[in-house]
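Colleague: I am new to reading models like this one, and I would love a close look at a single part. Could you walk me through how some helices pack, in plain words?

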Amino acid sequence: MSQVMSSKSSESSTNSVKVNRGSSQSVKNWLLQILYTDWGQVIMDHWRAVVFTVSFFTLAAVGYGIYGQFQQKNIESEQQKVFVFLKDWTTQDKTSIDWQKMKTFFESLNYPQTGIPVIVELLKRTENLEKSQELPAQEFFKYLAARCKQNDFCFYYAQLKYATLSEDLGKLDEAEMALKGLIATPWKNEEQIYVDLTRIAFLKKSKSDVKAYGDYFLKQFPNSNQVGLVNFFIKEIQK
């Protein structure tokens, strides 16, 4: 009985080997068939390029992963730097703002977006600026907006404040340009932007711009509670 089982086991093993060899031979035959096709010829003719391309993308993927880890460590380091600066600033200086010191700090950041906590504190402190502080503040926020990436909150906050301060200073062309720069951002409040653009065009006494901005606003936001204000600008500019 054991001899029969042993014989069957041996036969089964032999068959398995045959199957494996058969599978291996089938793969070889399949590869040979490919090599004799047009695609196979292309691969053979350009095998160095194929190997180089595969190697390049493999190395690129590995390099990107390493770069991502390195970048994350840098961001975390900068976040710590920001919180230290914010603590020292808010503890030592509760009222005035040294704009040059602020600019120097943001110049030291590789990722201005990490400075959001400082920017938020700046926005609070600049709600009721003295006249003597408006110009340096406007110049700072103009600089900061230029340093930030357009899709970051950093840019949105800085650009909006730059627009507001420009209008307060009577620099209406700069205010208009700054507001138009917000339209392409994902964080925009398009309704309010076009109300502000219509108002600035009205202050500039530009009939064509008041009509263009106002008509766009009325078409896009017919149910806005600021429709009356925009209609006022449109009607008044025609007088």
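Which residues in α6 meet which residues in α7?

Modeller: Happy to help! Please keep in mind that this is a predicted model. On the α6 side you will find K131, E134, A137, Q138, F141, K142, L144 and A145. Their partners in α7 are C154, F155, A158, Q159, K161, Y162, L165, S166 and D168. Sorted by class, the contact of α6 with α7 holds nine nonpolar, three polar and five charged residues. To find these helices on your screen, look for residues 131-147, which form α6, and residues 153-168, which form α7. Their axes come within 8 Å and cross at roughly 145 degrees. The crossing of α6 and α7 is left-handed.

Two other helix pairs are useful to set beside this one. Take helix α4, residues 99-107, and helix α5, residues 116-125: they pack at an angle of about 160 degrees, and their axes are 12 Å apart. Because angles over 145 degrees count as roughly antiparallel, α4 is roughly antiparallel to α5. The crossing of α4 and α5 is left-handed too. From α4, the residues making the contact are W99, M102, F105 and F106, while α5 brings V118, I119 and L122. By class, that contact has seven nonpolar residues, with no polar and no charged ones.

Further along the chain, helix α10 (residues 207-220) packs against helix α11 (residues 227-237) at about 155 degrees, with 9 Å between their axes. These helices are therefore roughly antiparallel to each other, and their crossing is left-handed. Here K207, V210, G214, D215, F217 and L218 of α10 meet V227, V230, N231, F233, I234 and I237 of α11. That contact counts eight nonpolar, two polar and two charged residues.

Finally, let us return to the neighbourhood of the helices you asked about, by way of the largest pocket. About 170 Å³ of space lies in this pocket. Eleven residues line the pocket, and the closest to its centre are Y111, P112, Q113, K149 and D152. By class, the lining of the largest pocket divides into four nonpolar, four polar and three charged residues. As you turn the model, try picking out the α6 residue F141 and the α7 residue Y162, which are among those in the contact between the two helices.

Methods. Residues numbered from 1 in each chain as written. Predicted model: local features only at pLDDT ≥ 70, side-chain atom pairs only at ≥ 80, totals over all residues. Heavy atoms only, no water. Axes fitted to C-alpha atoms, helices over the stretch in contact; angles between N-to-C directions. Helix = DSSP H or I, 4+ residues; strand = E, 2+ residues; numbered from the N terminus. Parallel < 35°, antiparallel > 145°, perpendicular 65-115°, else oblique. Left-handed = near helix turned anticlockwise from the far one by under 90°. Contact = heavy atoms within 4.5 Å. Nonpolar A, V, L, I, M, F, W, Y, C, P; charged D, E, K, R; others polar. 1 Å grid on protein atoms, 1.4 Å probe; cavity = no way out; pocket = protein on both sides within 12 Å on 5 of 7 lines; lining within 4 Å. Points joined across faces, edges and corners; volume = space filled by probe spheres on them.
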